[in-house]
Amino acid sequence: MVLAEAGYDVVVLEKGDNWFDDVTHAAPRSRFSSDELKAGRHFAKPDPVAEPRTYRWHQSDAAPRHVGAVQDLPQTVGGASVHWDAKTPRFWDIDFRKLSLLGPIDGADVADWPFSYAEIAPLYDEVEDLIGVAGDVDALPAEPTLRHAPRARPLPMPPGPPQLASLVAAEGCRKLEPALHPFLAPMAINSTEYDGRPACNNCGQCSNHGCPILARVGALAALRRAVTAGAEVRERSWVVRVETSGRKATGVSWIDDRGREHRESGDVVVLACLAIETVRLAKLSELPDPHGTIGTHFMQHWFTDGSGIFLGQRLHAHRGRSTTHAADDFADPDFPGARAAAQAAGLPYFRGGTLELGGTQLPLGEANTYRVLLALLRPDKPFGTEFKELMRSSVLRDRMCGIQMIGEDLPYRGNTVDLDPQVKDYRGYPVARITYSPGTHELAAQEFYRPYVAEILRRAGADHVTAVPDAASDATPLAGNDVPTTAHVMGGMRMGTDPAVSATDDVGRFHQLDNLVVADGSVFPTSGAHNPTLTIMATALRNARRWIA
Amino acid sequence: MLTAHERAVLEAAAARLVPGPDDDPGEAGHPGAREAHAADYIVMLLGALREDPPKVFAGGPFSDRRGGKRNDMARFLPLNDAVKEHWGARLDDLGAAYREGLGQLDALVGGDFAAASPTDQDVALAQNPRVRHLPAGIRGFTDLLFQHTIEGCYGVPEYGGNAGGAMWQSIGFPGDVQPRGYEADEVTNSDGPDPVTATGIVADLLRLVTSTAPQSPSSRRTQSAPGKTSRAG
């Protein structure tokens, strides 16, 4: 958008398909739909067999733990924000100045960003206008939220209707000791008609689904402006190499549907492939890396999942916008008891993260959960009328109130993205290998906050509760998912002023070349304790304006 | 393509996994895999690439169930050559897994699974026989069949199952609701009391799920020594 509107001749090479009729329309017709099966078949995402990623826990692991779908965000025109429940909190002042304001942590590489909250705040305002964020800044809690992320003006749209399950969870937050401060979460989903797009009608299938009515536009809003200003979008055009000559990126090599290779030359090359694929492309291109800074300090947040089951009513969390409320108290390093618990774990401080309040799952997800649990409960007959009873009871869907804590992930040198030495995709290119384990910080924060997550649900009136790590690790090898499904992917090309410890500079330019820029979450030096997408967009906007100048 | 016998085994097996009124007395009045035509879903999946456009991704944005003027979901999406190739390979493997798995079910009852007693069928299915070409994460043929029977029961009907949306009705799920959506009061208000008694399998599942629940923070505060909360990474 910034480049096209500044008069550059822009070509957007998108690896995936285009499912929109005409991206120059405000609300283009698309082929996205409320179809859980389609999502399960990886529509608009990298196919897990044809384009797998590999995942392991330690640098010393010879074999991957998992080969297939890993953080498989959409790969399609419109980008990852095509499937998104569009929660748009801002990062905090302490995120941008984490080293200066909170201090270092042994074993991690806490760093300051090249800008402060004060500098990025007007860019947050601009992105909120561009993509349309609904909410009420007056309802945001003074402590801790507004103290750390102050607001200068109202949001462009008022909040949409609150979801019952989110209200129930919010009440549990208020009844906790110490009381939390839940609020209606700002989100990039229209509550009124906005910018030629309709108001959301609360169909409930946000995550993992494109919006059939474009009430939730995401990055497509910027793409529309780019195309209107003359940018060309080429779908199914897979960039496999950045071509360089000395300190210059000269363009890219890309392959088409038939596997034929093409060249596209350019004065500037911008990488915005999702942190994992940007790093993969940097590695496939053998970009200069004298200090080994490409692919390190990968972050994806470390989630804690709470479930509250209500036997007296159906909470219908499938009506709405996934969740409508949040609480920020666990993102505060000074939450009562947090400093002491951190010190007991040998840390100077820790942070949990924001809470998303009041979610559930859809019927296929629910049914498969019962299928898996029946194998444990009824090994002699893990199916049949008891399965049907569970589906009718709907304890893990319609009677469920879910809470998710988005635990901050420190930047560790040993959490990396690189090329798998064995596994190749269907075109023969080495796939991305993610090496990741939570550190003491993530696990200590999770252990401190996990009882609170469960207690919120008890105080909310749930008849049965639990709170567990979302993903497995050395600490809890049987817990949760094999691979985190956080959909938050950051780091790998971190920004910094010193090329010895960063891959990109203070405006996202790759240090080792004159004209290669990175414009996705891979530039993040720290992960924050909130949903990152608004910050990814604001950072990309801020950086583009600066390096183009 | 499945033979007539394989088809009969498939239907019988699916009906054990997700029974209806004719399969289990506990399911009087509640549709199951037979009523949903879940076997049709599986047959459509296995033959998906023989159709044009392939029956892999249903279209959009809307069905005609909730105000859509036509059923966009019924018009399946074209696949590009690469995607078609991956799905072709995937479905070849799946077809092989099914033929082998359905044959294993016959072997486990010593002849014809479709003609065996429900008890014998259940015992055979509980073996979860290993077959080749299972997708990643699936340990046996019963797991595979159960997963697909679930999809054939509770997925959108355009894929061949969930006939008439009756399985959604049976679990109180409205299905896809675009373009009508929900009004604000439907989102915010309770529908009123709707109690369920947790007995039998429901109670057992709740006990399992909550076995991982942490103690309340107040009980932790009464513990004496600090340092118990940390766990090394």
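**View 1. Burial across chain A of the predicted model.** Start with the whole chain: 62% of the 549 residues of chain A count as buried. Its secondary structure comes to 14 helices and 17 strands. Among contacts in chain A with a separation of 6 or more, 75% link residues 24 or more positions apart.

**View 2. Overall dimensions of chain A.** Lined up on the principal axes, the C-alpha atoms of chain A fill a box of roughly 65 × 50 × 50 Å. A compact globule of 549 residues would have a radius of gyration near 24 Å, and the 22 Å of chain A agrees with that.

**View 3. Helix H7 of chain A and its surroundings.** Nine of the 11 residues in helix H7 (residues 164–174) of chain A are buried, so the helix is largely enclosed by the rest of the structure. Look for A:Leu164, A:Leu167, A:Val168 and A:Cys173, which are among the buried ones. What do the buried residues of H7(A) pack against? From chain A there are strands S11 (325–327), S12 (355–359) and S13 (400–407), plus helix H13 (440–459), and chain B adds helix H8 (184–188).

**View 4. Where chain A meets chain B.** Here 86 residues of chain A are in contact with 80 residues of chain B. Elements giving two or more residues to the chain A side include helix H2 (36–40), helix H10 (338–344), helix H11 (363–377) and strand S16 (464–469). H13(A) gives the most, with 11 residues. By residue class, the chain A side splits into 40 nonpolar, 22 polar and 24 charged.

Methods:
Residues are numbered from 1 along each chain as its sequence is written. Chains are lettered from A and ligands numbered from 1 in the order in which they are written. This is a predicted model: local features need pLDDT of at least 70, side-chain atom pairs count only at pLDDT 80 or more; totals for chains, interfaces and linings use all residues. A residue is buried if 20 or more other C-beta atoms lie within 10 Å of its own, exposed if 12 or fewer, and partly exposed in between; C-beta atoms are placed from the backbone. Helices (H or I, at least four residues) and strands (E, at least two) are DSSP runs, numbered from the N terminus. Two residues are in contact if their C-beta atoms, placed from the backbone, lie within 7 Å. The radius of gyration is taken over C-alpha atoms; the globule rule is 2.2 Å times the number of residues to the power 0.38. Ala, Val, Leu, Ile, Met, Phe, Trp, Tyr, Cys and Pro count as nonpolar, Asp, Glu, Lys and Arg as charged, and the others, Gly among them, as polar.
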